[in-house]
Amino acid sequence: MIIYGVALLAICTLAGVILGDLLGVLLGVKSNVGGVGIAMILLICARLWMQKNGGMTKDCEMGVGFWGAMYIPVVVAMAAQQNVVTALHGGPVAVLAAIGSVVICGCTIALISRTHKGEPLPDEDPLIPASPAAGGR
């Protein structure tokens, strides 16, 4: 298997962990705050910058895409290990953060859907039969 992009992923992960630890220290929390999310944002920004400046080969782009997709199971596994009951008993900050993130995401999606000026999809040609995979006959 081609594993291009691992160096870029490693750099972004290390930078994310360091920044997450620093953010935890600044907030007075004895843990990493958002290190994986920061690393993912850094990976996206680095990939876009490298594509824009021509520093990304096709193999490297595929490798970065693969490793970027692997972040989703990692984040889910990390979230599954969190103790939600303890977080709720620890104070209302966890509940406020959850409600705030849902509200912000909902408002962002509403804003994007109202301001997006995309072209509508073309009409289907009635003479071309639908494929069986698409639910056709």
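Modeller: Let's start with what gets counted: a helix is a DSSP run of H or I with at least four residues, and a strand is a run of E with at least two. Also, keep in mind that this is a predicted model.

Colleague: Fine. How many helices and strands are there in the chain?

Modeller: Five helices and zero strands. Going along the sequence, you read α-α-α-α-α.

Colleague: And how do I read the way H1 and H2 pack?

Modeller: Two numbers describe a pair of packed helices: the angle between their axes and the distance between those axes. Here, H1 (residues 6-27) and H2 (residues 35-52) meet at an angle of about 140°, and their axes are 7 Å apart.

Colleague: Why are H1 and H2 called oblique to each other?

Modeller: Look at the cut-off: roughly antiparallel needs an angle over 145 degrees, and roughly perpendicular covers 65 to 115. The angle of about 140° fits neither class, so H1 and H2 count as oblique. As for handedness, H1 passes H2 in a right-handed crossing.

Colleague: Now burial. What percentage of the chain's residues count as buried?

Modeller: 13% of the 137 residues. The cut-off for buried is under 20% relative accessible area. Take leucine 8, in helix H1: its relative accessibility is 16%, so leucine 8 counts as buried. Its C-alpha lies 8.6 Å from that of arginine 47, although the two are 39 residues apart in sequence.

Colleague: Is phenylalanine 66 buried, partly exposed or exposed?

Modeller: Partly exposed, because its relative accessibility is 31% and that class runs between the 20% and 50% limits. Phenylalanine 66 belongs to helix H3 (residues 58-80). Its C-alpha is 9.4 Å from that of tyrosine 4, with their positions 62 residues apart along the chain.

Colleague: What about isoleucine 18, buried or exposed?

Modeller: Exposed: the cut-off is over 50%, and isoleucine 18 has a relative accessible area of 52%. This residue also lies in helix H1.

Colleague: Which residues form the nonpolar patch on the surface?

Modeller: Ile18, Leu19, Leu22 and Leu42, with about 340 Å² of accessible area together. Helix H1 gives the most to this patch, with three residues.

Conventions:
Residues numbered from 1 in each chain as written. Predicted model: local features only at pLDDT ≥ 70, side-chain atom pairs only at ≥ 80, totals over all residues. Heavy atoms only, no water. Patch = residues over 30% accessible without salt bridge, like charges linked within 9 Å, V, L, I, M, F, W, Y side chains within 5 Å. Areas by Shrake-Rupley, 256 points an atom, 1.4 Å probe, with all protein chains shown as cover. Salt bridge = Lys/Arg side-chain N within 4 Å of Asp/Glu carboxyl O. Buried < 20%, exposed > 50% of the residue type's maximum accessible area, 1.4 Å probe, protein only. Axes fitted to C-alpha atoms, helices over the stretch in contact; angles between N-to-C directions. Parallel < 35°, antiparallel > 145°, perpendicular 65-115°, else oblique. Left-handed = near helix turned anticlockwise from the far one by under 90°.
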